[in-house]
Each structure stands twice: as structure tokens, then as C-alpha cells.
Amino acid sequence: MAYLYGRGVPVNYELALKYFQKAAEQGWVDGQLQLGTMYYNGIGVKRDYKQALKFFNLASQAGHILAFYNLAQMHATGTGVMRSCHTAVELFKNVCERGRWSERLMAAYRSFKDGDMDGSLVQYLLLAEQGYEVAQSNVAFILDQSYTVARIKLGDYHFYGYGTDVDYETAVIHYRLASEQQHSAQAMFNLGYMHEKGLGIKQDIHLAKRFYDMAAEASPDAQVPVFLALFKLGLVYTLQYMHNLNMTELVSQVDLDQLLGPEWDLYLMTVIALLLGTVIAYRQRQHQAVPPRPPPLLAPARPPQEQPQPEDQVQPEVPPQAEEEQQ
């Protein structure tokens, strides 16, 4: 830089080019940038846009802002390369996103991590309007999450009649949209419950189970509620199945004489007697296997204790804490 601008030494472009080349060979980003500038302007060397493009590209790979700017200028004007407005805009955009105002991205992210969704959304919106793709993506993410919650809330308002009349059909519509578009586990669980109860939709136990299973797959937090709901659903299905079979009529229609023979009661009594005999024999064998316990030993009678004299009286025991206090 001293030889290039004549600071403390006479201007010598050849030596400046030599030292910039040595610095660039060692990966020094500023050396690559200065080489590109010298080739671009023809300083101390024949003007060569291809070499300038080469060194600007090397410097841009390390994130040098001036290298991005010079590349953008070359693509915008078609200098040394085919003109490309699209590429120029992308490069200029990289320059813009590396300004000091990019610190707002980290501030917005910290607000998001701290749970301040509104503050984070406002900051991301400002950056999104300036063209930050990361900010635009984050704004879409936050709005998408809010949209899911809003859909479920609308369904809840119509389900419970908050601020409006109870309308199960409209609640089903909102839950279905949240389930299909955002894959919300809560919406799937609600749909399963409404299918189970037939609220605003045709009662279908099979569809109810399907939505419960989908909710468990969509979120691990839903596995316990889904397990309880499926247990209740299985119990209800069993009771409904038995009711449909009409067990009372089924038992009354069974002819045991025809099924087991005219003497089926004797067979049953014989089986019961055999089972009872087996139990009795097993109990007797257990009693025989246990050895008789010896009678308990009697402790010898203690001689009467003499009344202790006053000097031999035993002092009552004092807890440790009380002893310390006495001391």
C-alpha cells in the first residue's frame, strides 16, 4: 500500500504489484482485492478485466464487501463479463445486507428467543421490507404460527359459543383447515373428538381413531392425551358392539341340550368336583410341606431389683441438644 500510494517511499507500481501478489498467494483478502483493482484500472500493469474478475471473485469468497461491490458493477455494466442485471442485483443485495443495520437481525432473533413475538415480528418486518430474505422467511414463519393458533381459536369460539352462537359445523371447518394446512396436532385431536361424538359431523369411530393417531404422530406432546382418548374410544366401541349383538337374546337362544348333550349338567358338576378336589389336595400338600414351628421359649423370671440408694440413683437421659444447653 505504501508503494502504491507513495507513503514514505516513492510510488512504485511494480513493487506494489509484486507484494500484492505475494499476499494474495497466501490467501490475504486485501491483497486479492488490490490486485483486482490494479488489473481493473490498469495501474502498473496492462488492463485485464478477466484477471480483475478472478481476484474480485477470490476476495468475495471470503466475504469482502468491496469485492462484492466491484463484481456487481462489472455485471451491471457488462465490463469483462456478459451483462446480467439479475447477478448484479444479487451482488448489490449482498453488499446491502452486510451493513451496520444488519445488527437488527440479531436483535430480532434475541427478541424471538426471549418470547417477545410482537417485538421480533416488527423488527423482522422492517428488515423484510428492505429486502432481507432471512427476515422475510422468519416473518412468514411467525405469521404461519400465529395463523395456526388463530384458526384453532376460531374453531374453539364456535365450538364453545364464545362471542357467537354454538356452531359445530363452522368449528369443524376451522379445525380441518388448521389440520390440513399447518398439520396442527391440536386441530387433529379436536377433529377426532368431534368424529367420536358426532358434533357437527357424522359420527364415525374409525375416523375418530384415525385423527387421534395423526395427532400423536404430529406431536409427541399429544401422545398421552391420545392414549387416554383411544382407551375410552375402545371401551365405547366394545360396549356399542355388545349392545348391537343384543347379548340377552343371544344367550336365551343358545340350546345347551343340543350343543352339549342332554346330560350336560352332569358333565359340568363332574368338572367342578374335579377342580374342587384338586384345590383341596393342593392345599393339604402345602400344609404338609411346612414344618411345625417350635413353641416359643419362656424367658427366665427376673429377680426383684433393689431400690437404689440416693447416691446410686440413675440420672435421666438428656437429649444431646438439652445437654449442650445445660452445659
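Leu245 sits in helix 13, which spans residues 223-245. In this predicted model, Leu245 is partly exposed, with a relative accessible area of 40%. Leu245 also belongs to a nonpolar surface patch of about 600 Å², which it makes together with Leu235, Tyr237, Leu239, Tyr241 and Met242.

It helps to step back and see the whole protein. The fold holds 17 helices and 0 strands. Of its 327 residues, 25% count as buried. The protein exposes about 24,200 Å², and carbon and sulfur atoms supply 57% of that area. Contacts along the chain can also be sorted by how far apart their partners are: among those between residues at least 6 apart in sequence, 35% join residues at least 24 apart.

The interior comes next. The largest nonpolar core has 22 residues, and Phe20, Leu35 and Phe56 are the ones that touch the most other members. Two or more residues of this core come from each of helix 2 (13-25), helix 3 (29-41), helix 4 (49-61), helix 5 (65-77) and helix 6. Leaving out residues up to four places away in sequence, Phe20 touches Met1, Leu4, Gly31, Gln34, Leu35 and Met38.

One of those partners, Gln34, is found in helix 3. Is Gln34 buried or exposed? Its relative accessibility is 14%, so Gln34 counts as buried, the cut-off for buried being under 20%. With residues up to four places away again set aside, Gln34 touches Met1, Leu4 and Phe20. Met1 and Leu4 are thus named among the contacts of Phe20 and among those of Gln34.

Another buried residue, Leu53, is part of helix 4. Its relative accessible area is 18%, which means that Leu53 falls on the buried side of the cut-off. Beyond its neighbours within four places in sequence, Leu53 is in contact with Leu71, Met74, His75 and Val81. The first name in that list can be followed further: Leu53 and Leu71 are 18 residues apart along the chain, and their C-alpha atoms are separated by 7.1 Å.

Helix 7 offers a clear view of how a helix can have two sides. Its residues run from 103 to 113, and the buried ones are Leu105, Ala108 and Ser111. Looking down the axis of helix 7, these buried residues fall within an arc of 125°, so they line one face of the helix. The face turned away from that buried side carries the exposed residues Glu103 and Lys113. What lies over the buried residues of helix 7? The cover includes helix 8 (117-129) and helix 9. Just after helix 7, Gly115 takes a positive phi of about 90°.

Charged side chains add another kind of link. Side chains of opposite charge can pair when their charged atoms come close. How many salt bridges does a search of the whole structure find? The search finds 3.

One of them joins the side chains of Glu133 and Lys93, at 3.9 Å from N to O. Glu133 lies in helix 9 (residues 133-160) and Lys93 in helix 6 (residues 85-96), so this pair ties together parts of the chain that are 40 residues apart in sequence. Glu133 itself is partly exposed, with a relative accessible area of 48%.

Another salt bridge connects Lys232 with Glu196, whose closest N and O atoms are 3.2 Å apart. This pair, too, links distant parts of the chain: Lys232 is in helix 13 and Glu196 in helix 11 (residues 185-197), 36 residues apart. The two partners can be compared by their surroundings. Lys232 is partly exposed, with a relative accessible area of 34%, whereas Glu196 has a relative accessibility of 5% and therefore counts as buried.

The remaining salt bridge is formed by the side chains of Lys209 and Asp213, at 2.9 Å from N to O. Where do these two residues lie relative to each other? Both are in helix 12 (residues 205-218), and because they are 4 residues apart, about one helical turn separates them. Lys209 is partly exposed, with a relative accessible area of 41%, and Asp213 is also partly exposed, at 26%.

Key: Residues numbered from 1 in each chain as written. Predicted model: local features only at pLDDT ≥ 70, side-chain atom pairs only at ≥ 80, totals over all residues. Heavy atoms only, no water. Patch = residues over 30% accessible without salt bridge, like charges linked within 9 Å, V, L, I, M, F, W, Y side chains within 5 Å. Areas by Shrake-Rupley, 256 points an atom, 1.4 Å probe, with all protein chains shown as cover. Salt bridge = Lys/Arg side-chain N within 4 Å of Asp/Glu carboxyl O. Buried < 20%, exposed > 50% of the residue type's maximum accessible area, 1.4 Å probe, protein only. Core = buried A, V, L, I, M, F, W, Y, C linked by side-chain atoms within 4.5 Å. Contact = heavy atoms within 4.5 Å. Arc of directions from axis to C-beta.
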